[in-house]
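Please open the model in the viewer and keep the sequence panel visible. The tour below proceeds by selection, from the whole chain to individual helices and residues.

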Amino acid sequence: MIASSPSSPDAPARANTMQTLVGLGVVLVGLAMAFGAIGISSEAGYGGVGPNFLPWLVAVGLTACGVWITWEARTGGFRAMDEGDGPAEPANWPGFVWLSAGLLLNAALIEHLGFILSCGLCYLLAVQGLRRASGQPAAGKARTWAIDLATGLAIAAPVYWMFTQFLAINLPGLTTTGWI
């Protein structure tokens with residue numbers, strides 16, 4: 001397959017095809033979320049809203065956005081897009097890995113470490129990924145790690161406390177006292 005230059009006659013058609021594929025991908029993600037939401041109980045909870053409300057809301061929103069993106073792509077492409085001034089910057093894969101590791105470890109460890117510690121770890125890893133992606137030289141220093149962890153814990157602790165004490169929502173804790 002020979003790649004053509006952006007100024008070739010088939011470039012707009014190829015761009016529209018890629019835009020259509022993005023739109024269809026968003027539709028598929030929305031439909032997959034809707035399929036997953038089917039299995040969530042609709043029993044009304046606080047304020048008459050059940051636990052399946054938000055997944056359905058996101059599924060409908062994603063599906064609608066995907067349909068809109070597909071329609072835009074099939075009726076002339078994204079009309080207001082700038083052409084760009086040169087090659088796009090490459091993705092920062094190490095930063096993506098740091099962010100992904102933070103999110104995945106949070107999900108895996110929240111039941112074992114509790115909300116505060118797992119969210120503090122998530123914050124630490126996410127900020128490290130952002131620091132490294134922006135090229136901050138202090139990202140690897142122990143002092144920066146300590147400050148990032150302390151900041152993550154300082155954010156997670158009041159959130160945990162407000163949810164468990166004021167809203168009476170059970171979040172995984174490290175102890176059974178409801179304070180940590």
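Angles between helix axes over 145 degrees count as roughly antiparallel. This cut-off will be needed at the pairing of two helices below.

**Whole chain**

Begin with everything selected, and bear in mind that this is a predicted model. The chain contains five helices and zero strands, so that reading along the sequence gives the pattern α-α-α-α-α. Of its 180 residues, 24% count as buried. Among contacts with a separation of 6 or more, 55% are between residues 24 or more positions apart.

Next, colour by confidence. The mean pLDDT of the chain is 83, and 82% of the residues reach 70 or more. Which elements mark the lowest and the highest mean pLDDT? Helix H1, residues 11–38, has the lowest, at 86, and H4 has the highest, at 94. Then select residues 1–6, where pLDDT stays under 50; for this stretch the model has five contacts beyond four places in sequence.

**H1 and H2**

Select Leu31, which is placed in helix H1. Its relative accessible area is 46%, and Leu31 is therefore partly exposed. Add Thr63 to the selection: the two residues are 32 apart in sequence, and their C-alpha atoms are 6.5 Å apart in space.

Thr63 also appears among the buried residues of helix H2, together with Ala59, Gly66, Thr70, Glu72 and Ala73. Show H2 in full, residues 53–74. This helix has 22 residues and spans 32 Å from its first C-alpha to its last, close to the 32 Å expected at 1.5 Å a residue.

Within H2, move to Ala64. Is Ala64 buried or partly exposed? Its relative accessibility is 46%, so Ala64 counts as partly exposed. A distance monitor between the C-alpha atoms of Ala64 and Val26 should read 9.0 Å, for residues 38 apart along the chain. Beyond the helix, inspect Gly76, which follows H2 and has a positive phi, near 125 degrees.

**H3 against H4**

Hide the other elements and show helix H3, residues 93–113, with H4, residues 115–133. Their axes are 8 Å apart and meet at an angle of about 175 degrees. H3 and H4 are therefore roughly antiparallel to each other. On the H3 side, the contact is made by Gly95, Trp98, Leu99, Ala101, Gly102, Leu103, Leu105, Asn106, Leu109, Ile110 and Leu113. On the H4 side, the participants include Phe115, Leu121, Leu125 and Arg132. Colouring the residues of this contact by type gives 16 nonpolar, six polar and one charged.

Two residues of this contact merit separate selections.

- **Asn106.** This residue lies in helix H3. With a relative accessibility of 16%, Asn106 counts as buried. Which residues does Asn106 touch, not counting those up to four places away in sequence? They are Ser118, Cys119 and Cys122, and these three also belong to the H4 side of the contact between the helices.
- **Arg132.** This residue is found in helix H4. Its relative accessible area of 34% makes Arg132 partly exposed. Leaving aside neighbours within four places in sequence, Arg132 is in contact with Trp98, Ala139, Gly140 and Trp145. Of these, Trp98 is listed on the H3 side of the contact between the helices. For a further distance, select Pro94: it is 38 residues from Arg132 in sequence, and the two C-alpha atoms are 7.9 Å apart.

**H5**

Finally, bring back helix H5, residues 142–166. How many residues does H5 have, and how far does it reach? It has 25 residues and reaches 36 Å from first C-alpha to last, close to the 36 Å expected at 1.5 Å a residue.

Select Thr144, Asp148, Gly152, Ala156, Tyr160 and Thr164, which are buried in H5. Then display H4 again, since helix H4 is included in what covers the buried residues of H5. The tour ends at Ala168, which follows H5 and has a positive phi, near 55 degrees.

Terms used
Residues are numbered from 1 along each chain as its sequence is written. This is a predicted model: local features need pLDDT of at least 70, side-chain atom pairs count only at pLDDT 80 or more; totals for chains, interfaces and linings use all residues. Side-chain values use heavy atoms; hydrogens and water are left out. Helices (H or I, at least four residues) and strands (E, at least two) are DSSP runs, numbered from the N terminus. The expected span of a helix is 1.5 Å times one less than its number of residues. Buried means under 20% relative accessible area, exposed over 50%, partly exposed in between (1.4 Å probe, protein chains only). Contact means heavy atoms within 4.5 Å. Axes are lines fitted to C-alpha atoms, for helices over the stretch in contact, and angles run from 0 to 180 degrees between N-to-C directions. Angles under 35 degrees count as roughly parallel, over 145 as roughly antiparallel, 65 to 115 as roughly perpendicular and the rest as oblique. Ala, Val, Leu, Ile, Met, Phe, Trp, Tyr, Cys and Pro count as nonpolar, Asp, Glu, Lys and Arg as charged, and the others, Gly among them, as polar. pLDDT is the predictor's confidence in each residue, from 0 to 100.
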